[in-house]
Amino acid sequence: MAHGELIDAVRTSEREVIEISIPGSVDLVVLARFTAATIGARAGFDLDEIDDLRLAVDELSVSFGPLDVDTRLRYAFLREGDTVNVRCTREPSDEEAGSRPGHSERDLIDWQQARELSAQLLDELVSAHGREIANGRSVAWLTKQRATSAR
């Protein structure tokens with residue numbers, strides 16, 4: 001059985017949605033990466049495309065700046081055919097929502113440089129990506145399509 005045949009056998013439908021929510025801990029972002037790899041495989045991505053998607057989800061996660069236990073990251077993974085969309089929403093705790101902790105000017109400069117590097121990496125890894133504010137919360141999203149030229 002060829003790799004492509006195995007992937008086709010795994011698919012259950014043309015559209016799937018998976019949602020997860022994790023505490024804001026870098027150690028737990030691995031759960032989002034694992035979910036991305038799974039949904040990428042179900043979309044028929046090859047191994048390189050799956051690795052790119054995993055790295056892109058990692059960059060999406062860290063693009064919010066320092067993560068801490070007072071926040072949650074909520075992910076929505078949507079597969080439609082051979083396209084995967086990921087939305088990551090940073091959800092502050094009730095305490096944090098009232099007042100953001102202070103950051104030094106140096107922290108803000110470092111974070112902005114990291115965010116710019118993440119955007120450059122995402123440009124190389126996915127079809128499209130962006131950031132927005134939805135319902136007063138910061139959201140980062142990406143779209144990755146399976147390469148059809150290799151098929």
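Tutor: Welcome! Let's start with a pair of strands: β4 and β5 are joined by 7 bridges and run antiparallel. This is a predicted model in which local features need pLDDT of at least 70, side-chain atom pairs count only at pLDDT 80 or more, and totals for chains, interfaces and linings use all residues. Residues are numbered from 1 along each chain as its sequence is written, and side-chain values use heavy atoms, with hydrogens and water left out.

Student: What makes β4 and β5 count as a pair of strands?

Tutor: Two strands pair if DSSP finds at least two bridges between them. For β4 and β5 the number is 7, so these strands pair by that rule. One of the bridge partners is easy to find: H129 is matched with L142 in β5. The two strands also form a hairpin with 2 residues between them, and N135 in the turn has a positive phi of about 55°.

Student: Which strand does β3 join, and how many bridges are there?

Tutor: β3 is joined to β5 by 7 bridges, and the two run antiparallel. Here V86 has L142 in β5 as its bridge partner.

Student: How many helices and strands does the protein have?

Tutor: There are 5 helices and 5 strands. These are DSSP runs numbered from the N terminus (helices: H or I, at least four residues; strands: E, at least two). Read from the N terminus on, the order is α-β-α-α-β-β-α-α-β-β.

Student: What makes G136 buried or exposed?

Tutor: Buried means under 20% relative accessible area, exposed means over 50%, and partly exposed lies in between (1.4 Å probe, protein chains only). G136 has 70%, so it is exposed. G136 sits in the loop between β4 (128-134) and β5. From G136 to E91 the C-alpha to C-alpha distance is 9.6 Å, while they are 45 residues apart in sequence. For the protein of 151 residues, buried residues make up 37%.

Student: Now E16 and R79. How do you know that their side chains meet in a salt bridge?

Tutor: A salt bridge needs a side-chain nitrogen of Lys or Arg within 4 Å of a carboxyl oxygen of Asp or Glu. The N to O distance for E16 and R79 is 2.9 Å, so the pair passes. E16 lies in strand β1 (residues 15-23) and R79 in strand β2 (residues 71-80), so the salt bridge ties together parts that are 63 residues apart in sequence. E16 counts as buried at 13% relative accessibility, and R79 is buried at 0%.

Student: How many salt bridges are there by this rule?

Tutor: The count comes to 9. One of them joins D51 and R54, with the closest N and O atoms 3.6 Å apart. D51 and R54 both lie in helix α3 (residues 47-62), 3 residues apart, about one turn of the helix. D51 counts as partly exposed at 38%, and R54 is partly exposed at 26%.

Student: Which residue forms a salt bridge with E91?

Tutor: The partner of E91 is R137, and their closest N and O atoms are 3.6 Å apart. E91 is in strand β3 (residues 83-92) and R137 in strand β5 (residues 137-145), so the pair ties together parts that are 46 residues apart in sequence. E91 counts as buried at 13%, whereas R137 counts as partly exposed at 34%. Salt bridges that share partners also join E16, R42 and R79 into one network.

Student: Why is the aromatic pair of Y75 and F77 called stacked, rather than edge-to-face or tilted?

Tutor: Rings of Phe, Tyr and Trp (its six-membered ring) pair if their centres lie within 6.5 Å; planes under 30 degrees apart count as stacked, over 60 as edge-to-face and the rest as tilted. The structure holds 1 aromatic pair. Y75 and F77 are 5.9 Å apart, centre to centre, with 20° between the planes, so "stacked" fits. Y75 is buried at 0%, and F77 is buried at 0% as well.

Student: And what about V30: where does it lie?

Tutor: V30 lies in helix α2 (residues 29-42). V30 is partly exposed, with a relative accessible area of 46%.
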